[in-house]
Amino acid sequence: MIEFDNSELLATIVGIACFAIGAWLGSQFPDIDRFRIFRLRHRSGVTHSFLLPGLFLIGSALTRLQWADWFTAGFSAGIALHLAFDLFPGKWRGFALIDVPKLGRLTRNLSTVWLFVSLFVCVIISVSIIPALGPAGIFAYVTALAVLYLHGILAKKEHFAAGPLLTILTLGGEAL
């Protein structure tokens, strides 16, 4: 008969919940700039970047709390998926371009580079934590990205978004 350690099972369930909450918040966070918080304009280079996931990574490393690792991995994965969708706007002009506070909007090429580099760093942050989380971490990563990808398609009323899907699968698959 196999015995389960209830505390380990509970820690895994809490971890998966923290990952899911982090992934959802991360997928929504970049567009918080629509509310002009701190005078940031839409598609701000501050919110559409790896800056907050990087701070969370430092914080979770300093606290050494397992739930913080789960949350940080999820939040970073959620932002990565959001940025993957933002890499493929209908047209590269206006609000599709990254806005740098005090400097203005970047060009199409610089916006693309900013989004891709930020997406890449967010994926690296997420998948650098996942091995320590074990098989449950991989399950949470794959499940959360699949659900959020489907939500992204439904929210944008698209039938299939190949660009974001291929981008996140390539980067995420290579990193795992």
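## Reading a predicted model, feature by feature

Author: Let's start with the rings: this predicted model holds 5 aromatic pairs.

Reader: Take F56 and F75, then. What is the geometry of that aromatic pair?

Author: Look at two things in a ring pair, the centre distance and the angle between planes. For F56 and F75 the centres are 4.9 Å apart and the planes are at 65°, so the pair is edge-to-face, the label for angles over 60 degrees. The pair also links distant parts of the chain: F56 belongs to helix α2 (residues 51-63) and F75 to helix α3 (residues 66-86), 19 residues apart.

Reader: And how accessible is F56?

Author: F56 has 28% relative accessibility, so it counts as partly exposed. F75, at a relative accessible area of 4%, is buried.

Reader: Which label fits the rings of F71 and F75, and why?

Author: Stacked, because the planes sit at 20°, with the centres 5.8 Å apart. Both residues lie in helix α3, 4 residues apart, or about one turn of the helix. Both are buried, too. Zoom out a little and you find F29, F56, F71 and F75 linked by ring pairs into a cluster.

Reader: On to charges. How many salt bridges does a search of the whole structure find?

Author: The general idea is that side chains of opposite charge can pair when their charged atoms come close. Here the search gives 2 salt bridges. In one of them D99 pairs with R41, with 3.0 Å between the closest N and O atoms. That bridge links distant parts of the chain: D99 is in strand β1 (residues 99-100), while R41 is in the loop between α1 (6-28) and α2, 58 residues away.

Reader: Are D99 and R41 buried or exposed?

Author: D99 is buried, at 5% relative accessibility, whereas R41 counts as partly exposed, at 35%.

Reader: Which residue forms a salt bridge with R43?

Author: That's D86, with the closest N and O atoms 3.4 Å apart. R43 sits in the loop between α1 and α2 and D86 in helix α3, so this pair ties together parts that are 43 residues apart in sequence. Both R43 and D86 are buried.

Reader: That loop between α1 and α2 also holds H42. What does H42 touch?

Author: For contacts like these, skip the close sequence neighbours. Not counting residues up to four places away, H42 touches D31, D33, R34, F95, D99 and R105. H42 counts as buried, at 14% relative accessibility. S44 is found in the loop between α1 and α2 as well, and its 0% relative accessibility makes it buried. With neighbours within four places left aside, S44 is in contact with D33, I98, D99 and P101.

Reader: Now the core. Which residues touch the most other members of the largest nonpolar core?

Author: In soluble globular proteins, nonpolar side chains tend to be buried together. In this model the largest nonpolar core has 36 residues, and F19, L119 and Y141 touch the most other members. Helices α1, α3, α4 (108-133) and α5 (135-155) each supply at least two residues. The largest share comes from α3, with 11 residues.

Reader: How far does α3 reach, and how covered is it?

Author: To read a helix span, set the end-to-end distance beside the expected one. The 21 residues of α3 reach 31 Å from first C-alpha to last, close to the expected 30 Å. Helix α3 is mostly covered, with 18 of its 21 residues buried.

Reader: And α4?

Author: It has 26 residues and reaches 38 Å from its first C-alpha to its last, close to the 38 Å expected. Its buried residues include L115, L119, C122, I125, I129 and L133. Just after α4 comes G134, whose phi is positive, near 80°.

Reader: Last one: how many disulfides does the structure hold, and why?

Author: The count is 0. Check the sulfur distances: the sulfur of C18 is 19 Å from the closest cysteine sulfur, in C122, which is too far for a bond, since a disulfide needs sulfurs within 2.5 Å. C18 is buried, at a relative accessible area of 16%, and C122 is buried at 0%.

How values were computed
Residues numbered from 1 in each chain as written. Predicted model: local features only at pLDDT ≥ 70, side-chain atom pairs only at ≥ 80, totals over all residues. Heavy atoms only, no water. Phe/Tyr/Trp six-rings, centres within 6.5 Å; stacked < 30°, edge-to-face > 60°. Buried < 20%, exposed > 50% of the residue type's maximum accessible area, 1.4 Å probe, protein only. Salt bridge = Lys/Arg side-chain N within 4 Å of Asp/Glu carboxyl O. Core = buried A, V, L, I, M, F, W, Y, C linked by side-chain atoms within 4.5 Å. Expected span 1.5 Å × (residues − 1). Contact = heavy atoms within 4.5 Å.
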